[in-house]
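Please examine the sequence and the three-dimensional structure shown here before reading the explanation.

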Amino acid sequence: MQHSEVTARVRTLLGEEGLAQAFAPIEEASGLPNAAYWSEEWLALEQERVFRRSWVFAGAEAELVEPGAMKPIEIGGAPLVVVRGRDGIVRAFHNVCRHRGARLVTEPCRKSTLTCPYHAWNYGLDGKLRARPHFLGPDQVDRFDNGGGDKLDLVAVRTEVWNGCIFVNVSGDAQPLADWLAPLLRRTGSYDFSAIRWAGKLEFEVRANWKLVYENYMEGYHVFAVHPRLIKFAPMNIRWSGEWQDHVFYNDYVFPQVEEGRGDGLPHYPGLPPADAQRGLWFLCFPHFAAEVYPDQFTLLVSYPVAPDLTREELHVFLVGEAATAETFREPRTALMKMWDDLNREDIGVLELLQQGRRSPAYDGGRLSPHWEGPTHQFGRRIVEKVMAP
Ligand code: FES
Ligand SMILES: [Fe+2]
């Protein structure tokens with residue numbers, strides 16, 4: 001779509017008033033209009049212009065332990081597959097056969113090659129075409145020793161790995177991953193992330209728009225009403241609104257006491273200064289890489305839009321060193337997973353109400369708290385800016 005066309009569509013979908021609200025000062029601003037949460041067309045714009053152009057989390061390396069391990073994933077509305085090669089390197093490809101376009105991989109699995117279920121074109125783990133049985137006539141197999149070239153090999157997607165986290169960038173022209181992560185890393189210099197190991201993931205289906213997940217994630221305003229356990233651990237008076245720095249949202253607090261699931265019973269980062277032993281920090285690297293850093297963990301909340309009113313969430317937990325897998329840490333690890341599961345379900349309950357409320361013609365984006373919800377408003381603004389960017 002031409003840029004002028006995109007601008008015109010945005011004006012129609014959000015309305016002049018909705019658009020103006022996204023750029024208004026927080027004291028007068030509303031959230032995004034309802035269409036941004038229900039419109040298929042708006043989501044398609046976000047997929048193409050936000051998700052495909054950004055670095056996006058595609059899973060943990062530990063999900064693909066052995067060569068030949070692969071998992072399909074949808075990013076920016078495009079089917080991809082992430083594969084660990086024979087050489088141990090993790091690569092991503094568009095998950096589509098170069099013949100008639102069948103989707104190749106439909107579930108996580110481990111295979112020595114990728115074979116299309118339709119006419120059995122066969123690709124190596126490096127994405128190169130290897131063979132096409134019967135393509136040139138009955139019982140003839142044309143084989144390729146060095147792949148089939150640009151028109152026949154699987155289309156690679158730019159991929160990078162950072163401390164066990166796999167990132168992909170579909171458009172191929174996002175800034176270098178290290179620059180994209182830099183605002184997070186600058187604030188976490190005392191945490192040795194090379195020590196983190198994947199402990200597992202939780203998956204959720206949320207009947208709400210993906211943006212609501214992060215609008216809620218950023219503001220501590222709802223904690224007293226929604227999270228009975230969390231509010232005891234971290235009361236309102238130690239919280240602030242957080243702030244954006246470039247494309248990264250940041251918030252933190254110093255909590256009065258460690259508890260199970262946050263700092264207690266599991267090893268802390270090696271060499272972590274005492275000042276950080278009771279500190280929680282959380283980030284959102286736009287658009288969807290939300291990372292919570294506690295003295296004993298690195299926990300991700302990553303949302304993948306499926307439909308305007310449906311989001312797939314993955315919560316990945318990384319712990320320090322052997323705590324991620326050793327039997328001796330099973331109990332505190334299980335308790336920590338349960339804590340995140342409970343907490344996230346509390347949030348999902350309200351997210352679904354927010355989605356339903358956006359069907360009301362009486363809702364106009366609401367009134368935001370200037371104390372707490374400035375960053376939430378800026379998230380909406382950032383979405384609009386990215387969608388409208390050339
Ligand atoms: S569509 Fe894949 S081999 Fe025909
Ligand atoms: Fe919450």
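The paragraphs below treat two sheets, the helices that lie across them, and one buried side chain.

The model is predicted: local features need pLDDT of at least 70, side-chain atom pairs count only at pLDDT 80 or more, and totals for chains, interfaces and linings use all residues. Residues are numbered from 1 along each chain as its sequence is written, chains are lettered from A and ligands numbered from 1 in the order in which they are written, and side-chain values use heavy atoms, with hydrogens and water left out.

One open sheet has 7 strands in the order 1-11-10-4-3-2-5, with antiparallel pairing. Strands are DSSP runs of E with at least two residues, helices are runs of H or I with at least four, and both are numbered from the N terminus; two strands pair if DSSP finds at least two bridges between them. Strand 1 (56–60) and strand 5 (109–110) stand at the edges with a single partner strand each, so one side of each has no neighbour in the sheet. Within this sheet, strand 3 (residues 78–84) and strand 4 (residues 90–94) pair over 5 bridges, and V81 stands opposite F93 in strand 4. Helix 4 (residues 177–186) lies across strands 10 and 11, running at about 35° to strand 10. Axes are lines fitted to C-alpha atoms, for helices over the stretch in contact, and angles run from 0 to 180 degrees between N-to-C directions.

A further open sheet of 7 strands, also with antiparallel pairing, follows the order 12-20-19-18-17-14-13. Its edges are strand 12 (196–206) and strand 13 (243–245), each with a single partner strand, so one side of each is left without a neighbour. Neighbouring strands here are turned by 20° against each other on average, direction ignored. Strands 14 and 17 pair over 7 bridges, with Y250 opposite F283 in strand 17.

Helix 5 lies across several strands of this sheet, including strand 19, to which helix 5 runs at about 150°. Helix 5 (residues 210–218) also packs against helix 9 (residues 374–388) at an angle of about 150°, with axes 8 Å apart. In this contact (heavy atoms within 4.5 Å), residues of helix 5 including W210 and Y214 meet P375, T376, F379 and I383 of helix 9.

T311, in strand 20, counts as buried because its relative accessibility is 0%, the cut-off being under 20% relative accessible area (1.4 Å probe, protein chains only). The side chain of T311 reaches the backbone nitrogen of W210 at 3.0 Å, and a polar atom of that side chain lies 2.6 Å from the backbone oxygen of A208.

Terms used: Buried < 20%, exposed > 50% of the residue type's maximum accessible area, 1.4 Å probe, protein only. Polar contact = N/O pair within 3.5 Å; in protein donor to acceptor, adjacent residues only side chain to side chain.
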